[in-house]
Amino acid sequence: MDEIKKAVLEYVIDEYIDEDDDDIEVEYDTPLISSGIVDSFSMVSLKAFLEKKYKISLPDAEATPDAFDTVNLICTLVQKHQG
Amino acid sequence: MAYSDKTRGVFAGEIDTIKEKGLFKEKRFICSPQGAEIEVEYPEGAERQKVLNFCANNYLGLASHPDIVKAAHQGLNERGYGMSSVRFICGTQDIHRELQGKITDFLGTEDTLLFPSCMDANAGVFEAILGQEDVIIADRLIHASLVDGIRLCSAEYDTFKHMNMRHLEKKLELHADKRTRLIVTDGVFSMDGDLCPLDEMVALAEKYDAMVLVDESHASGFIGKTGRGTHEHFDAIGKIDIITTTLGKALGGASGGCVSGRKELVALCRQNARPFLFSNSLAPSIVKASIKVMDMVSTNTEWRDKLEWNANYFREQITEAGLCIREGDTPIVPVMLFNAKLANDMARDMYAEGIYVIGFFFPVVPAGAARIRVQLSAAHDKEMIDRAVAAFKKVGEKYGILGLDKKGIIAKYGM
């Protein structure tokens with residue numbers, strides 16, 4: 001689990017935070033969607049990353065803004081689909 | 001009737017939730033023609049107040065220009081009131097063709113198709129030309145209508161950081177296996193007034209065999225030396241594959257939009273774009289007036305030149321007054337306040353001072369980036385701008401933010 005969390009956090013920072021934006025710090029429990037760091041339109045790249053890296057398929061009904069709101073929640077969802 | 005009390009309660013509850021979040025949009029009534037000075041009834045039922053309008057998209061000040069009003073009358077007299085048809089059945093007049101030709105010439109594209117609005121153009125263009133084997137790569141801050149259009153299309157989509165060309169390049173590499181790649185951006189982003197670097201974007205598109213679509217709604221008519229748009233500003237005329245834009249802002253301000261670009265793509269929109277196929281044709285009076293607008297802006301830069309002067313003067317004066325603005329080159333000037341309540345309170349006080357501006361905050365802009373968006377117009381004169389700056393100074397002083405930068409305002413009011 002720790003390895004997944006680390007990889008997802010790294011992806012979120014790389015994908016969504018501007019290099020020169022030092023106002024935003026993202027940790028495992030930082031709200032991503034509800035805080036506006038990631039918007040629902042841009043969430044698609046995170047979903048694609050998870051599906052490719054962990055060879056899973058996340059149904060739209062489960063890949064919701066609520067389920068993607070923190071790195072911790074995302075990892076719970078990934079684990080569930082890894083079986 | 002199946003609209004039971006229970007059902008009514010469901011929707012009333014939703015409205016209450018919007019109000020509780022402070023996101024409820026109040027009704028505002030303009031009781032005069034659109035212009036630099038308007039008469040407003042706000043809140044509903046209140047006495048009408050004359051205010052200076054600094055929140056319209058009336059960039060060139062043409063919304064009530066006498067020559068355009070006259071042309072609209074002419075359209076009404078010569079071609080009637082409405083078409084009672086979609087374009088492809090019996091809704092296309094000779095003047096629709098004429099207007100499309102004039103827009104094509106103005107934008108420097110190959111062909112143009114009119115839509116009832118740019119919202120409709122953006123809703124229809126993606127589905128009309130792309131399929132599952134294609135990918136759309138969009139800037140994260142594109143207009144909501146582009147987002148909706150992308151979601152209606154079966155092509156895969158991805159996003160890149162706002163105006164970050166390095167990130168865009170990564171995404172172009174990632175999607176190299178797709179049949180076609182379409183990069184999507186606004187020319188001028190409506191909330192920040194920043195310009196997408198189209199020269200760099202076109203260079204990347206050429207390197208990775210991608211097409212470029214630019215929404216020029218907040219650019220057509222005034223960005224670039226002769227007002228052709230962001231592609232003129234970045235010397236990229238003829239290099240943009242699809243331009244969508246509106247007749248509802250600088251170019252007269254009534255309504256109507258278009259898809260303009262490569263002839264095959266426009267032809268596909270004519271065949272497939274659902275908002276084109278299933279929505280009524282643009283009314284003759286608007287078409288005729290828009291032809292007049294295109295003639296005026298194609299041959300005369302006086303309005304865009306005045307707008308440029310006004311925007312530069314306002315930026316200079318408001319900065320000198322001690323307000324914190326986002327730097328830029330466009331007539332969209334965000335006065336940054338960072339805190340949503342502060343933006344709302346200051347906009348209300350500005351209205352009391354006779355200046356009509358609106359506060360914007362999350363989710364319309366990113367959290368912690370609340371602002372009052374000021375939009376300049378060629379219809380403003382120097383004295384009007386001075387009045388707006390004086391009001392900002394007075395209201396800014398009341399809230400103790402003059403001379404404060406981002407850190408200072410956040411330290412005082414939070415984000």
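Helices in this report are DSSP runs of H or I with at least four residues, and they are numbered from the N terminus. The structure described is a predicted model.

**Helix α4 of chain B and the residue after it**

Helix α4 of chain B covers residues 94–107. Its 14 residues should span 20 Å at 1.5 Å a residue, and the distance of 20 Å between its end C-alpha atoms agrees with that expectation. Buried positions of α4(B) are B:Ile95, B:His96, B:Leu99, B:Gln100, B:Ile103, B:Thr104, B:Phe106 and B:Leu107. After α4(B) comes B:Gly108, which has a positive phi, near 75°.

**The surroundings of B:Thr112**

One of the buried residues of α4(B), B:Thr104, is joined to B:Thr112 by a side-chain polar contact of 2.7 Å. B:Thr112 belongs to strand β4 of chain B, residues 111–115. Its relative accessibility is 0%, so B:Thr112 counts as buried. The side chain of B:Thr112 also makes a polar contact with that of B:Ser260, at 2.7 Å. When neighbours within four places in sequence are set aside, the residues in contact with B:Thr112 include B:Gln100, B:Ile103 and B:Thr104. Also in contact with B:Thr112 are B:Cys258, B:Val259, B:Ser260, B:Val266 and B:Arg270.

**The interface of chain A and chain B**

The size of an interface is often expressed as the accessible area lost when the parts come together. Between chain A and chain B, the buried area is about 1400 Å², and carbon and sulfur atoms give 45% of it. Chain A brings 17 residues to the contact and chain B brings 20 residues. Four salt bridges are found across this interface. B:Lys170 and A:Asp14 form a salt bridge, with their closest N and O atoms 3.1 Å apart. In addition, 10 residue pairs are in polar contact across the interface, with both residues at pLDDT 80 or more. On the side of chain A that touches chain B, α1 (2–16) and α2 (43–53) of chain A each supply at least two residues. That side of chain A consists of four nonpolar, six polar and seven charged residues.

**Salt bridges within the chains**

Over all chains, the structure holds 33 salt bridges. Three that lie within a single chain are listed here.

| Residue pair | Closest N to O distance |
|---|---|
| A:Glu51 and A:Lys47 | 3.4 Å |
| B:Arg48 and B:Glu39 | 3.8 Å |
| B:Lys178 and B:Asp177 | 3.6 Å |

Where do A:Glu51 and A:Lys47 stand relative to one another in helix α2 of chain A? They are four residues apart, and therefore separated by about one helical turn. An α-helix has 3.6 residues a turn, so residues three or four places apart point the same way. A:Glu51 is partly exposed, with 22% relative accessible area, whereas A:Lys47 counts as buried at 17%.

In chain B, B:Glu39, the partner of B:Arg48, is partly exposed at 23% relative accessibility. The salt bridge of B:Lys178 and B:Asp177 joins a residue that is buried, B:Lys178 at 16% relative accessible area, to one that is exposed, B:Asp177 at 62%. Elsewhere in chain B, a network of salt bridges links B:Lys341, B:Asp345, B:Arg348, B:Asp349 and B:Lys398.

**Backbone features of chain B**

Most residues other than glycine have a negative phi, and most peptide bonds are trans. Chain B contains departures from both patterns, described below.

The peptide bond from B:Tyr42 to B:Pro43 is cis, and its omega is near -5°. B:Pro43 sits in the loop between β2 (37–41) and β3 (49–53) of chain B. A cis peptide bond also runs from B:Phe362 to B:Pro363, where omega is near 10°. The loop that holds B:Pro363 lies between β13 (358–360) and β14 (370–375) of chain B.

Positive phi values occur at B:Asp209, near 50°, and at B:Phe338, about 70°; neither residue is a glycine. B:Asp209 is placed in the loop between α8 (198–207) and β8 (210–215) of chain B, while B:Phe338 is part of strand β11, residues 332–338. Is each of these residues buried or exposed? B:Asp209 is exposed, with a relative accessible area of 58%, whereas B:Phe338 counts as buried at 5%.

Terms used
Residues are numbered from 1 along each chain as its sequence is written. Chains are lettered from A and ligands numbered from 1 in the order in which they are written. Side-chain values use heavy atoms; hydrogens and water are left out. Contact means heavy atoms within 4.5 Å. Buried area is the accessible area (1.4 Å probe) that two parts lose on being put together, summed over both. A salt bridge is a side-chain nitrogen of Lys or Arg within 4 Å of a carboxyl oxygen of Asp or Glu. A polar contact is a pair of N or O atoms within 3.5 Å; within protein, one must be able to donate a hydrogen and the other to accept it, and residues adjacent in sequence count only if both atoms are side-chain atoms. Ala, Val, Leu, Ile, Met, Phe, Trp, Tyr, Cys and Pro count as nonpolar, Asp, Glu, Lys and Arg as charged, and the others, Gly among them, as polar. The expected span of a helix is 1.5 Å times one less than its number of residues. Buried means under 20% relative accessible area, exposed over 50%, partly exposed in between (1.4 Å probe, protein chains only).
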